[in-house]
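Please open the structure in your viewer and keep the sequence panel visible. The tour below proposes a series of selections and describes what each one shows.

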Amino acid sequence: ALQQVDLDMEKDKNYQGVSELSFWTKQLVLAIILCNFFLVSLVLVNLLIAMMSSTYEDINSAAKRQWNLVRARIITNLDKEMSADERKHPNNNYWECEGEEKNDARFMTFTSSE
């Protein structure tokens, strides 16, 4: 890499050349370039992992919302098909009723965490 840079710079007549640099200076420049490549690669892999994690959480959240919606549809369809006596049976309670008169009205409350 340094030789290619040196050859490109030699075309410029005002440039004095990399050959005048000491051995340790060349090694230091090479070490800095290699560290730069390594750190940039590490940061990019970390960024990729963060983006994939965020995408997974978005998909998981949407799947939970969809699952809750389908579950609510199933429960309402079951409730529509039940007779009044079947609704009073304790095994057919899919939710808790609130209020003083628990046998009169059945309702669902849909909430969103967003």
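Begin by selecting Ala72, Ile75 and Asp79, which are the buried residues of helix H2. This is a predicted model, and every value in this tour is computed from it. Now add helix H3, residues 84–88, to the selection: H3 is part of what covers the buried residues of H2.

Next, select the whole of H2, which runs over residues 23–81. How many residues does H2 have, and how far does H2 reach? The helix has 59 residues and reaches 87 Å from its first C-alpha to its last, close to the 87 Å expected at 1.5 Å a residue.

Remain on H2 and select Ile33, which is found in this helix. Is Ile33 buried, partly exposed or exposed? Its relative accessibility is 31%, and because buried means under 20% and exposed over 50%, Ile33 counts as partly exposed. Extend the selection to Val29, Leu30, Leu34 and Phe37: together with Ile33, these residues make a nonpolar surface patch of about 420 Å². A general rule is useful when looking at such a selection. An α-helix has 3.6 residues a turn, so residues three or four places apart point the same way.

Then move to Phe23 and Trp24. The count of aromatic pairs comes to one. Phe23 and Trp24 form this pair, which is edge-to-face, with 5.2 Å centre to centre and 75° between the planes. Both residues are exposed.

Finally, select the entire protein chain and colour it by secondary structure. The chain has three helices and zero strands, and its pattern along the sequence is α-α-α. Switch to a surface display: the chain exposes about 10500 Å², of which carbon and sulfur atoms supply 58%. Buried residues make up 9% of the 114 residues. Among contacts between residues at least 6 apart in sequence, 27% join residues at least 24 apart.

Definitions and conventions:
Residues numbered from 1 in each chain as written. Predicted model: local features only at pLDDT ≥ 70, side-chain atom pairs only at ≥ 80, totals over all residues. Heavy atoms only, no water. Helix = DSSP H or I, 4+ residues; strand = E, 2+ residues; numbered from the N terminus. Buried < 20%, exposed > 50% of the residue type's maximum accessible area, 1.4 Å probe, protein only. Contact = heavy atoms within 4.5 Å. Areas by Shrake-Rupley, 256 points an atom, 1.4 Å probe, with all protein chains shown as cover. Patch = residues over 30% accessible without salt bridge, like charges linked within 9 Å, V, L, I, M, F, W, Y side chains within 5 Å. Salt bridge = Lys/Arg side-chain N within 4 Å of Asp/Glu carboxyl O. Expected span 1.5 Å × (residues − 1). Phe/Tyr/Trp six-rings, centres within 6.5 Å; stacked < 30°, edge-to-face > 60°.
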